[in-house]
Amino acid sequence: MNILGINAYHGNASAAVVCDGRLVAAVEEERFNRVKYAAGFPAAAIRYCLKEAGLKLEEIDHVAVPRNPLARLGTKLFYALRMPSFVRGRAKVLVKFTGVREALAGAFDSDPSKIKAQFHRIEHHQAHLASSFFVSPFERAALLSADGLGDFASTMWGSGSGNRMEIADAIVFPHSLGLYYTAVTQYLGFQKFGDEYKVMGLAAYGEPEKLEDFRDIVRFDANGNGNGFRLGLEYFVHHRTGPEMSWAEADKTPTLGKLFSERMSQQLGAARLADEPLEKRHRNLAASLQARLEEVYLGMLQKLAKATGLKSICLAGGVAFNCVANGKIFDATPFERVYVQPAAGDAGLAVGAAYFVWHQKLGKPRSFVMEHAYWGPGYSAGETRAAIESNGIAGKGYVVEELPEQELTRRAAAIVADGKILGWFQGRAEWGPRALGNRSIVADPRRADMKDTLNRRIKHREIFRPFAPSILAEATGEWFEKSHPSPFMTLAYAVRPEKRELIPAPTHVDGTGRLQTVTKEANPRYHALISTFRDLTGVPVVLNTSFNDNEPIVCRPEEAIDCFLRTKMDALVLSDFLVTRGI
Ligand SMILES: [Fe+2]
């Protein structure tokens, strides 16, 4: 039985195909149309998923769409009466939604009547929870989803057992930890969709001196369900104007209207404009924002642990990308095991909706665990060779060599140990926003100046943003203060103090690292690269950053070559080929 999950007309448009309970392919539309966080209808992603599965459109039995217009209808109507403009915007999206069948047929130049599949609408947060639990290694787990807003809710929790999830409760619009984080991100002068990461990185440079103020911006909810929070709404405007998200167009990165009110500036000082310098005050505000998020998030998890008595937690939603908060779960709550799948944000809804249908609706037993992130496009040796030849890179002063596996990793590890910057492209593209050793830029973690070098030469990003370490999974406990697996870079742990000076480049200013634990099973060639680097240097860690330069992560070999040439990396591993600069 074949199930197609589609996250459409929403940020991070994506598709996934599940065949007889096994995930076959999952990818974001941005990797194809090259628009970061692309919304719209993921036609290219769907075409790829079906091709990877060897399926025709007529062979899809179920289509799962992670939105249910009927969810929380009462709350929607309540706000609809107060926000006519918001309603008009939602109505436009809804009209598009009713046309998923037509858009799907259009993506294949087919007739809608040829689609035999049954269509399912899965509520946003239930799809988030399913995206984590049903592909987790846990038979039983507590579940939490937290994001900006989806189907008029921001937070949902419950528990999962076998092939069933039970929803305990939800927090609805306008109260949202995601919108809280985004509002303060905007206030701090970071206006772009997805900039919350930057502020999380900035937070480590400050002190949470304004924590008391932030306790008024997000308040514990003593009256309601006892596990929740409420926003101090005087600091926000979205409950009056509606969160002005523009999701609909595929050729645009989503944008979000202003979320914070004048009250926030009165309380915290003038909002920072994007081009103003970042001062100590801003760093302290970022730290206060993060500290309050952690209090509320970890507080919710504590209560969830108590209510369920479970030791495993599955997380999803944009807030689940807060790796700093996630890394504190082991000390702050009774949970002992954490699972966050690599596309924890809205892209992951495609996988979640598909698995919701397979287990929750059809009652099929569990049979799949997402143990790696490599569910996107891969390219054959012939395609890679064609990309190299059509670029003509060998005629541009570069040496191109096709090498056997061992020789390739040996040469690549030596290049990294020599302080050079290596583009590392192999296998199928990663699912989710993190490069995890198939579309990565790899560098020497031992060099304190590597962060500046990467920023200056390749990445062109804010200096306060950390780079991440990839570590051999078996060495995790020796180098970090926690050893629980973090295969998808969704947890940050403290680097052991005695090791910090050995890997200064991917160690953040607060002594933590947003690590990827690499196993031989999940990624044999990347594991071999790091192992060889360890043999050369004694350090089982490399610095890993995504293979891109202010664009979606490269997908095709052609894009990798372009990015390599444009950013002047020193060497490139492209499948079985090694590209180096000639003399
Ligand atoms: Fe979401």
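Which residue in β4 is the bridge partner of Ile-3? In this predicted model, the partner is His-62, and that pairing offers a friendly way into the strands at the start of the chain.

Ile-3 belongs to a strand that is mostly covered: β1 runs over residues 2-7, and 6 of its 6 residues are buried. The cover extends to both faces of β1. On one side Asn-2, Leu-4 and Ile-6 are buried, and on the other side Ile-3, Gly-5 and Asn-7 are buried as well. β1 has pairing partners in two strands. With β4, residues 62-65, the pairing is parallel and spans 3 bridges; the contact between Ile-3 and His-62 belongs here. With β2, residues 14-19, the pairing is antiparallel and spans 6 bridges. In that second pairing, Asn-2 of β1 stands opposite Cys-19 of β2. The hairpin formed by β1 and β2 has 6 residues between the strands, and Tyr-9 takes a positive phi there, near 55°.

Further along the chain, attention turns to the surface. Leu-70, Leu-73 and Leu-77 make a nonpolar surface patch of about 310 Å². One of these residues, Leu-77, has its place in helix α3, which covers residues 73-80. Leu-77 counts as exposed because its relative accessible area is 52%, and the cut-off for exposed residues is over 50%.

The model also holds an iron ion. Its coordination comes from NE2 of His-124, NE2 of His-128, an OD atom of Asp-147 and an OD atom of Asp-346, at 1.9 to 2.2 Å. The 4 donor atoms subtend angles of 87 to 159° around the iron ion, so the arrangement is irregular. For a tetrahedral assignment, all angles would have to lie between 85 and 135 degrees. Along the sequence, the donor residues follow the spacing H-x3-H-x18-D-x198-D. Asp-147 lies in strand β6, residues 140-150, whereas Asp-346 lies in the loop between β14 (337-340) and α15 (349-361), so this pair ties together parts that are 199 residues apart in sequence.

How covered are the two aspartates, buried or exposed? Asp-147 is buried, with a relative accessible area of 4%. Asp-346 also counts as buried because its relative accessibility is 12%, and buried residues are those under 20%. The two aspartate donors of the iron ion are thus described in terms of both their places in the chain and their cover.

Key. Residues numbered from 1 in each chain as written. Predicted model: local features only at pLDDT ≥ 70, side-chain atom pairs only at ≥ 80, totals over all residues. Heavy atoms only, no water. Buried < 20%, exposed > 50% of the residue type's maximum accessible area, 1.4 Å probe, protein only. Helix = DSSP H or I, 4+ residues; strand = E, 2+ residues; numbered from the N terminus. Pairing = 2+ DSSP bridges. Patch = residues over 30% accessible without salt bridge, like charges linked within 9 Å, V, L, I, M, F, W, Y side chains within 5 Å. Areas by Shrake-Rupley, 256 points an atom, 1.4 Å probe, with all protein chains shown as cover. Salt bridge = Lys/Arg side-chain N within 4 Å of Asp/Glu carboxyl O. Donors = N, O, S within 2.8 Å, 3.2 Å for Na, K, Ca; no water. Tetrahedral: all angles 85-135°; square planar, octahedral: opposite > 155°, others 65-115°.
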